[in-house]
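Here are some friendly notes to read with the model open beside you. Take the points in order, and look for each residue as it comes up.

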Number of protein chains: 2
Amino acid sequence: MGRRTPHATLQMIADETGVTPSTVSRVLNSASEASARRWASAETINRIRAAAASHGYTPNPQAVGLRTQRSRLIGVIVPRLQDYVLATIYEGIDEAATEKGFATFVTNSLDDPQKRARATETLLSRRVEGMIFGDAQFDGEFLQGVAERGMKFVLVSRRARDFPSVTCDDHLGGRLVGEHLVSIGRRDVAILAGEPYASTGLDRTRGAIDALREAGVDVPPHRVVHGRFDAQGGREAAERILDSRPLPDAIFAANDFAAIGVMGALRDRKLSIPDDVALVGYNDTALAAELPTPLTTVRSPMHEIGRRGLEMLLDLLQGAEVEPLRLPPTLVVRESTVSAEASRSTGTDGSGPSV
Amino acid sequence: MGRRTPHATLQMIADETGVTPSTVSRVLNSASEASARRWASAETINRIRAAAASHGYTPNPQAVGLRTQRSRLIGVIVPRLQDYVLATIYEGIDEAATEKGFATFVTNSLDDPQKRARATETLLSRRVEGMIFGDAQFDGEFLQGVAERGMKFVLVSRRARDFPSVTCDDHLGGRLVGEHLVSIGRRDVAILAGEPYASTGLDRTRGAIDALREAGVDVPPHRVVHGRFDAQGGREAAERILDSRPLPDAIFAANDFAAIGVMGALRDRKLSIPDDVALVGYNDTALAAELPTPLTTVRSPMHEIGRRGLEMLLDLLQGAEVEPLRLPPTLVVRESTVSAEASRSTGTDGSGPSV
DNA sequence: CTGAAAGCGCTTACAG
DNA sequence: CTGAAAGCGCTTACAG
C-alpha cells in the first residue's frame with residue numbers, strides 16, 4: 001500500500017511545544033494575534049507557530065470535518081467539461097471556492113438524467129455541503145427532488161423555476177443580437193436555439209425574436225431549429241435551414257461553437273459571410289475573434305457566473321435569502337455581420353466590444 | 001449555518017437491527033454473501049442490508065478516511081481546464097477514478113510555477129493519496145521535489161525525465177505529419193512547436209523534422225517557432241512565419257487550436273488552404289472536422305490517456321513498478337492538406353481516419 | 001486563562 | 001463467531 005506522506009499532527013506540535021493539543025488548536029485557529037493572546041502568552045504563541053511552520057503543519061481535513069460536521073466540500077455537475085463555456089464557469093467556481101477555503105468535486109452529466117442522478121448520489125455520499133448544477137433542465141423536476149431532500153444548491157449558466165441561479169441575462173443577449181441584425185438591414189433571421197430543455201438557448205431565442213418583432217421583423221416557427229451547442233450540432237441544424245427556400249439573410253447561432261458549424265455548412269454551399277448570410281454566435285469564446293471570419297457574438301461573463309454562483313451558494317449555506325442573478329452581456333461586432341470594409345468606414349475595429 | 005442533510009450512521013443501523021456497529025460494519029464491508037456469513041446469520045445479514053438500504057446508508061468518507069488513513073482522493077493539476085485537450089484528459093481521469101471508488105480534485109496551474117506550487121500544497125493539505133500532473137515542465141525540477149517528499153504521481157499529456165507518464169506517442173505523431181507532407185509534395189515546412197517547456201510540442205516537432213529529413217527535406221531552425229497552443233498563439237506565430245520570405249508551402253501547427261489561428265492569419269493574407277499553404281493540426285479536436293476548411297490532424301487518444309494515467313497511479317499506490325506509456329496516434333487527412341477534388345480522385349473521403 | 005475529556009463515525013485488533 | 005474497546009486527528013463545551 002502506498003506509504004503516506006507524513007503529515008504532522010496537533011499532538012506532535014503540542015509535544016514539541018510543551019502545551020496541550022487544545023492550546024495548539026486554539027492558537028492556530030485564532031484569526032488574529034490579539035485573539036490568540038486569549039489562549040497563550042506571546043512567547044508560547046510564537047513557539048507554537050514556529051513548530052507548526054517547521055513541520056508544515058496543516059490540519060487534517062477529514063478529522064476537522066468529522067468533528068465539526070462541515071466538510072468544506074462542494075459538488076459541481078456540468079453537462080460536459082469539454083465544453084469551453086462550462087469549463088470556464090467551473091474555473092470561476094473553483095477559483096472562488098479555493099479563496100473561501102472550500103474544495104470542489106466536478107463531474108459530467110452529459111445531460112443524461114441517469115448520469116445526473118448517479119453523480120448527485122456520489123457527491124452526496126462524499127458529504128458535500130452544497131451543490132452547483134450547470135446542467136439544469138428547464139422543467140426543474142429533478143432539482144425539486146434534490147431540494148426536498150434538504151440539499152442546498154445554486155444553478156449556473158441555466159436557470160429553472162425559481163431556484164437560486166446565476167446566469168447571463170440571456171434574454172437581453174438575444175435582444176442585442178436582434179437589434180443588431182435589424183440595424184444592418186437583415187429581415188429574415190434563422191435561429192439555432194440549442195436543446196429545448198436549456199434555458200440558455202430558449203431565453204436567447206426569445207430575446208432575439210422579441211427585439212425583431214418590435215422592429216417589425218417576424219420570425220416564423222420554422223426559422224427556429226433545435227440542436228446541440230457544438231460544431232457538429234450547429235452544422236446539422238444549419239443544413240436543415242439551408243435546405244429550405246428562401247435562404248435566410250442572417251443566422252443567429254446561440255452558441256459560438258454551433259456558429260462554427262454553421263460556417264462550415266455555409267462554405268459547403270458557397271454562401272459568403274456576411275454578404276449572403278450574416279452570422280452571430282454567443283459567448284465570445286476565445287476562438288471567436290481568431291476565426292478566419294471573425295465572429296460577431298455576445299460576450300457573457302462566464303468566469304464571473306462561476307464565481308458568483310459559488311458565492312451565492314455560500315450565502316445560502318449561511319442561511320441567507322438569495323435572489324436569482326442575471327449578469328449583463330455585451331454585443332461584440334466583428335466581420336461575420338459587418339464586413340471589414342464596411343466596419344472600416346463606420347469606425348468599428350471589428351474586434352473590440354461595442355454595444 | 002446550513003443544516004446538514006441527515007446521513008444515517010452505522011450506529012443507527014445497528015440500533016435498528018439489534019446488533020453492534022462492529023457487525024454492521026463487517027457485514028456491509030463484505031464483498032460477497034459468503035464472506036458476510038462469517039460475521040452473521042443469513043437472516044441478520046438481510047436485516048442489516050435492508051436497514052442500510054432503507055436509510056440510504058453510505059459510510060462517512062471522512063470517518064473512514066480518518067480511521068483507515070486512506071482518503072481515496074486524487075489531486076489533478078492541469079495547465080488549464082478551458083483547454084479542450086486537458087478537459088478531455090481530465091474526463092478520462094475522473095471517469096476511471098469514479099469507477100475505482102476514488103474522487104478527484106482538479107485545478108489549473110496556468111503553467112505558472114507559483115500557482116503550480118500553491119495548488120500542489122493545497123492538494124497535499126487535502127490529504128490526496130496521489131497526484132496527476134498534466135502540466136509537467138520538460139526539465140522536471142519541480143516534480144523532482146514532489147517525488148522527494150514521497151508523494152506518488154503520474155504525468156499525463158506531457159512527459160518529463162523518467163517519471164511515470166502516459167502520453168500520446170508524439171514523436172510518432174510528428175513523423176506521420178512529416179511523411180504526409182512529403183507525400184503531397186511539400187518541401188518547405190514551418191512548424192508551430194508550442195511552448196518550449198512542453199514535451200508535447202517538442203516531441204511532435206522533432207518527429208516531423210526527423211521524417212522530413214529522411215525524405216530529404218530540411219527544416220532550418222528559423223522554420224520552428226514557439227508560442228501558445230491556442231488560437232491567438234497560433235495566429236501570432238503564423239504571422240511571424242508569414243512575414244518572412246519565402247513563404248512555406250506547409251505549416252504544421254502542433255495543436256488544432258493553434259491551427260485555427262493559423263487559418264485566420266492565412267486568410268488575412270489571402271493565402272489559400274491547401275493550394276498556397278497546406279495546414280496540419282494535432283489532436284483531432286471535435287472542431288477539426290467541422291471547420292470551414294476541415295483540418296488534417298493527428299488523432300491522439302486523449303480520453304484514454306486520462307484513464308490510463310489514473311490506472312497507472314493506482315498501480316503505483318499499490319507499490320507496483322510502472323513503465324512510461326506512449327499511446328499511438330493516427331493521421332486523419334482532410335481538406336486542409338488535400339483539396340476536396342484531389343481527395344475525391346484518390347478515394348479519400350476527407351473525414352475518416354487513415355494512416 | 002488552560003487542561004482533561006468527550007465525541008464526530010468509522011474499522012479492527014483483541015478478548016471472550 | 002461476536003461484542004467491547006481503542007483510536008484515527010481534530011474541536012470545544014466543561015471544569016478548575
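1. Let us start at the DNA. This is a predicted model, and in it 24 residues surround DNA strand D. The closest are Ser25(A), Arg67(A), Thr23(B), Trp39(B) and Arg67(B), so it helps to colour both protein chains before you zoom in. Of the atoms of DNA strand D that come within 4 Å of the protein, 58% belong to sugar and phosphate.

2. Next, pick out some individual atoms. Which part of Leu10(A) lies 2.8 Å from a phosphate oxygen of DNA strand D? For Leu10(A) it is a backbone N or O atom. With Asn29(A), a polar side-chain atom lies 3.2 Å from a phosphate oxygen of the strand. Tyr57(A) also places a polar side-chain atom by a phosphate oxygen of DNA strand D, at 3.1 Å.

3. Now step back to the helices and strands. Two or more residues of the surface near DNA strand D come from each of these elements: α2 (21–28) and α5 of chain A, and α2 (21–28) and α5 (61–68) of chain B. Which element gives the largest share of this surface? That is α5(A), with four residues. Sorted by class, the surface near the strand holds nine nonpolar, 10 polar and five charged residues.

4. The two protein chains also meet each other. In this contact, 62 residues of chain A face 62 residues of chain B. About 5500 Å² of area is buried between chain A and chain B, and carbon and sulfur atoms give 53% of that. Three residues are worth finding here: Gln62(A), Arg127(A) and Glu290(A) together supply 14% of the area that chain A buries against chain B, more than any other three residues.

5. Stay with Glu290(A) for a moment. Its side chain meets that of Arg235(B) in a salt bridge, with 2.7 Å from N to O. How many salt bridges are there between chain A and chain B? The count is six. Across the interface of chain A and chain B there are also 21 residue pairs in polar contact, where both residues are at pLDDT 80 or more.

6. Where on chain A does the side touching chain B come from? At least two residues each are supplied by α5 (61–68), α6 (84–99), β2 (103–108), α7 (113–125), α11 (231–242) and α12 (256–268) of chain A. By class, the residues on this side of chain A are 27 nonpolar, 21 polar and 14 charged.

7. Finally, look inside chain A. It is divided into domain 1 (10–59), domain 2 (71–167 + 303–327) and domain 3 (170–296 + 333–346). Notice that domain 2 and domain 3 are each written as two stretches of the chain. The C-alpha centres of domain 2 and domain 3 of chain A lie 29 Å apart, and their contact takes nine residues from domain 2 and 11 residues from domain 3.

8. What holds your eye at this domain boundary? The area buried between domain 2 and domain 3 of chain A is about 920 Å², and carbon and sulfur atoms give 54% of it. Between these two domains the count is one salt bridge and three residue pairs in polar contact, both residues at pLDDT 80 or more. On the side of domain 2 that touches domain 3 of chain A, there are four nonpolar, two polar and three charged residues.

How values were computed:
Residues are numbered from 1 along each chain as its sequence is written. Chains are lettered from A and ligands numbered from 1 in the order in which they are written. This is a predicted model: local features need pLDDT of at least 70, side-chain atom pairs count only at pLDDT 80 or more; totals for chains, interfaces and linings use all residues. Side-chain values use heavy atoms; hydrogens and water are left out. Contact means heavy atoms within 4.5 Å. Buried area is the accessible area (1.4 Å probe) that two parts lose on being put together, summed over both. A salt bridge is a side-chain nitrogen of Lys or Arg within 4 Å of a carboxyl oxygen of Asp or Glu. A polar contact is a pair of N or O atoms within 3.5 Å; within protein, one must be able to donate a hydrogen and the other to accept it, and residues adjacent in sequence count only if both atoms are side-chain atoms. Ala, Val, Leu, Ile, Met, Phe, Trp, Tyr, Cys and Pro count as nonpolar, Asp, Glu, Lys and Arg as charged, and the others, Gly among them, as polar. A residue is near a molecule or strand if one of its heavy atoms lies within 4 Å of it. Domain bounds come from an automatic or database domain assignment.
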